[in-house]
Amino acid sequence: MSARPTSPGPVFETEVLIIGGGTTGTGVMRDLALRGIHCLLIDQRDLNAGASGGNHGLLHSGGRYAAGDADTAAECRREGDILKAVAPECIDACGGLFVAVEGDDPEFAARFPEHCRSAGIECSAITPAEARELEPCLSEKVYAAYKVPDATIDPFRITLENVNHARQLTQSIFLAHTELERFIVEEGTIRSAICRDTRSGDTLTIRARQVVNAAGAWAMQVARLAGCSGVQLLYSKGTLIISNARIGRRVINRLRPPGDGDILVPGGTVSLLGTTSQTVENLDDIHPSVAEVDRLVAEGCALVPQIAHTRFIRAFSGVRPLLMARGAETDGRKASRGFSLFDHESEGLANFATVAGGKLTTFRLMAEKTGDLVARRLGNSEPCKTATTPLPSGDAIRWTEPGFAARYWAARREPGDLILCECEMVPTSAIDAIVENAPGAELQMSLNAIAVRSRVGKGTCQGAFCSLRVTSHLYDRQVYDSPLGLRNTRDFVAQRFKGVAPVAWGEHLPQLELAEALHCALLGLDQLTDDGLQSPTTGGRVP
Amino acid sequence: MIKEPRRHQAELLVIGSGLAGMAASLFALARGVSVAQVGNSGVIAFTTGYLDLLGHDERGFVDDPWQALIRLREDEPRHPLANVTENDIRAAFTSFTQSLTEMGLGYTAPGAHNVLALTPAGTLKPTLSLPLTMQPAIAAMAAGLDTLIVDFTGLNGFSAREVVANLSQRWPGLRAARIGFPDMDSGAEVYAEVLARALEVPATRQLLAERIGPLLGSAQALGLPAILGVHRPDHVHRELQSLLGVPVFEIPTMPPAVPGVRLRELFETRLPQCGVALEPQHRVKRLELHTQGVTAHLEDAYGEVTIEAAAAVLATGRFTSGGLRADPNAIRETLVNLAVSQPEGRAHWYRPDYFDPRGHAINRSGVMVDEQWRPLDATGKPAHPRLFAAGSLLAHQDWIRQRCGAGVAIATAYKAVDAATQAARSG
């Protein structure tokens, strides 16, 4: 038994403490920094560890919500236009199609253009033949098709750029692996937040004038720590699968009420097929299942027949934090995609705000509304600038874009710049840039952190080989100097496995077999204890 | 180019060119049986060179594999190693390592205990027999010698600092240094196999020794990544030791690596010299089974090849080698469509936790055999009286977790060849 530390640990002072390092929390951080406000952002894990890193990266035209939720649809359209203008480097304006195949409700299809019109979404009807010419992968059974301005967005890059910009503007700080334990509240005001470094177990204290809860799926828990029970969320687990090559040029949506396997989204060099929806009770151990993968493949085939023979390299799951109006919808498919900003004043707190619900596409608007409230409370009259200020692009941040590292490496032609990740062509210089200067590099970098900030582990081998080469490089650079480095590698490959196992069949299964042979039979990572050492052995001796 | 059909005849056809296939050919040769062998040998390059018999059981790492085998016979009676006697396993292992040594790749004799061998991450791995070029590490670690681990600029994936950081608690006298390899020190990437071939040249060894010598200081031993030659590693090893005056040992690099390339090249060179008709780059396309034996069909760059044999040993390996194939919901054997013991449905192939100590069910799937090592068909009967099976293709073993890959390959090849020879010669 270890005694609970009583010292407050190191004390950080800031104007605004933001809890949650997803697109919303980092969006709030940048919004406030653009108004000249210093922020401190914490996340219990790392950037985009929740839904912000577990989605298909779709920048909605609004078409998906046109039939059921016109307000959200219109909001998506407006925000999509803004992001395309201010963050073009994070966006692939690939366009999208909505297509109905035989068996889909013709009336639903026929009403689609009208719904789009009323939400202000550009929508043009094309013939099935034209649709198949644009996207040859489409089923021959397409009977109706519409073009919409869907796009894709790199949520990792957005998050990293947000943090990096805030860092430049007001020396705002991001602390990873920092978990909120409790608030110290006096006279209706949160005075400080007592946190724990989840890696060292050490306590730290953060004093802030304002506190923003942008904890995504965890927002309800954070609100409760502040004694607020008004935030009610529905947890909807969604699973997606990633193909090893890009299938369609555009976003391909199935023109029917939302269901499993009804969207295929390009993501640079790959495509993502999604999405399932399942209400879950808690947020622990969220990972994709074989049954979900099989359902996605079965449904996806109706839209794009080649899905049946496609090699998938990974499945992943995220939890949509959906707002639950009291006594209202408990079906994740039908719950609102809108967001709410809670000022908690009726609950007796003067300096606490929660922003919850919403979508990746509307993160900027969520941040703007939150920023307005927080700035007003701080007596800051600067207006929101995120709708017009372009997002800058930082050197240590470019590495999440598929294909960028390969182009960079080839153009640079530096013979000593060894490739560490062969699938995604990530060179040593990229790892070094991330270790030196990426958001979060103020603390010790690890393989996990590098993977969030680059394409490492995202290619066909899913980290089986590159994780080991990057690990060796981190030892070379003395970023690692103890067995804890290898433990981190063990945890990284164990995490990747959860996504690979459900899609392991055909040509992909040998990859996993080889990985396990390497990780267990050769390196004995299965025998590492938590201090990174091998467990005491009965075996082996000098002959 | 004229493409014409060619025919080979042999008493025994070995299908597969991994460790089990290669061992099967060696055992057959030792019995004076004529052999034809087909199968892609590429996967051998993924071995470390270490030959494990049984390195891990539910108690953890195994010290005495022979004792562990006694427990295995109790606990896992269907395990392939549980169905070979201790004497046969010893005879197989001894014969195999002796053959390797005689062919020019020195191995330690399998002893009474496992030894803990080094890995490229600086962890330890229990194994039974290891290349002579790696052996000095065992004594150096046991004696806690001051030891220098050297790595090379541009050699991707091998870090002396990593080895030292992970081993130093157990072996405090370790120290790391990095140098440029002679004439390949521009900073650009270098490859272990290229360095190994370069070290077969005496002048390169001399230059390397001159670079390492001044770094040794108080070091009483030297560790290097496995680059000490491809064809005559024992010679390169001896020469470098005498140039430096301290024991030198190799540490395997990440596969595919030089120790595996040595095995592959040794087999590909020496087996044909011993009379084996070897097709190491091709796969059998179709196997006909008939009363008097088997007929294999394949195609190489010069056209169709047919091989007639009185019996066959199937050693086609698992998924990576192509002996097994995983359809989305079932595992099948790819050449003869033999029955495959397997979990019910893909949801049961893997456990949720990658490192679950019980291992994953899919790794125990595979081909079932009778007591004569004949694979079974769907009715539970031998598929054919002259077809035998060996190696990792077999069900009821988990070579990855049990660290018994070489053990299963060598011991079952020994038994399968034994049974196949009897069948081939029964007329």
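**A walk through chains A and B**

Let's start with one residue. Asp185(B) is partly exposed, with a relative accessible area of 39%. That value, like every other today, is computed from a predicted model.

Who does Asp185(B) meet? Its partner is Arg211(B), and the two side chains form a salt bridge at 2.9 Å, N to O. This pair links distant parts of the chain, 26 residues apart. Arg211(B) sits in helix 7 of chain B, residues 202-216. Asp185(B) sits in the loop between strand 8 (174-179) and helix 6 (192-198) of chain B. And Arg211(B)? It is partly exposed as well, at 32% relative accessible area.

Now zoom out. How many salt bridges does the whole structure hold? The search finds 55 over all chains. Let me show you another one, this time in chain A. Asp432(A) and Arg477(A) meet through their side chains, with N and O 3.0 Å apart. Again, the pair links distant parts of the chain, 45 residues apart. Asp432(A) is in helix 10 of chain A, residues 428-437. Arg477(A) is in the loop between helix 12 (466-476) and helix 13 (484-500) of chain A. Are these two residues buried or exposed? Asp432(A) has 18% relative accessibility, so it counts as buried. Arg477(A) is partly exposed, at 31%.

Salt bridges can also join up into a network. One in chain A links Glu89(A), Arg157(A), Glu161(A), Glu401(A) and Arg407(A).

Next topic: the interface. 60 residues of chain B are in contact with 60 residues of chain A. The two chains bury about 5,200 Å² between them. Of that area, 61% is on carbon and sulfur atoms. Which residues of chain B lose the most area to chain A? They are Arg346(B), Tyr354(B) and Phe355(B). Together those three make up 15% of what that side buries. Keep Tyr354(B) and Phe355(B) in mind. We will meet them again.

What about polar links across the interface? The rule finds 5 salt bridges there. It also finds 23 residue pairs in polar contact. Several elements of chain B give two or more residues to the side that touches chain A. Among them are strand 5 (115-118), helix 4 (136-143), strand 15 (324-327) and helix 10 (399-402). The largest share comes from helix 5 of chain B, with 4 residues. By class, that side of chain B has 27 nonpolar, 17 polar and 16 charged residues.

Let's look at one of those bridges. Arg401(B) and Glu516(A) meet at 2.9 Å, N to O. Arg401(B) lies in helix 10 of chain B and Glu516(A) in helix 14 of chain A, residues 509-522, so the pair joins two chains. Arg401(B) is buried, and Glu516(A) is buried too.

On to the aromatic rings. A pair of rings is described by the distance of the centres and the angle of the planes. This structure holds 14 such pairs over all chains. Take Phe98(A) and Phe112(A): their centres are 4.6 Å apart, with 35° between the planes, and the pair is tilted. Phe98(A) is in strand 5 of chain A, residues 96-101, and Phe112(A) is in helix 3 of chain A, residues 106-119. Along the chain they are 14 residues apart. Both are buried.

Now compare Trp399(A) and Tyr408(A). Their ring centres are 4.9 Å apart and their planes stand at 90°, so this pair is edge-to-face. Trp399(A) is buried, at just 2% relative accessible area.

Here is the return I promised. Ring pairs link Phe497(A), Tyr350(B), Tyr354(B) and Phe355(B) into a cluster.

Two last stops, both in chain A. The first is Gly318(A), in strand 18, residues 312-323. At 8% relative accessibility, Gly318(A) counts as buried. What does it touch, beyond residues up to four places away in sequence? The answer is Gly54(A), Ser236(A), Lys237(A) and Gly238(A). Lys369(A) is 51 residues from Gly318(A) along the chain, and their C-alpha atoms are separated by 25 Å.

The second is Asp69(A). It lies in the loop between strand 3 (58-59) and helix 2 (70-86) of chain A. Its side chain makes a polar contact of 2.7 Å with the side chain of Thr72(A). Leaving out residues up to four places away in sequence, Asp69(A) touches Ser336(A) and Arg337(A).

Conventions:
Residues are numbered from 1 along each chain as its sequence is written. Chains are lettered from A and ligands numbered from 1 in the order in which they are written. This is a predicted model: local features need pLDDT of at least 70, side-chain atom pairs count only at pLDDT 80 or more; totals for chains, interfaces and linings use all residues. Side-chain values use heavy atoms; hydrogens and water are left out. Contact means heavy atoms within 4.5 Å. Buried area is the accessible area (1.4 Å probe) that two parts lose on being put together, summed over both. A salt bridge is a side-chain nitrogen of Lys or Arg within 4 Å of a carboxyl oxygen of Asp or Glu. A polar contact is a pair of N or O atoms within 3.5 Å; within protein, one must be able to donate a hydrogen and the other to accept it, and residues adjacent in sequence count only if both atoms are side-chain atoms. Ala, Val, Leu, Ile, Met, Phe, Trp, Tyr, Cys and Pro count as nonpolar, Asp, Glu, Lys and Arg as charged, and the others, Gly among them, as polar. Rings of Phe, Tyr and Trp (its six-membered ring) pair if their centres lie within 6.5 Å; planes under 30 degrees apart count as stacked, over 60 as edge-to-face and the rest as tilted. Buried means under 20% relative accessible area, exposed over 50%, partly exposed in between (1.4 Å probe, protein chains only).
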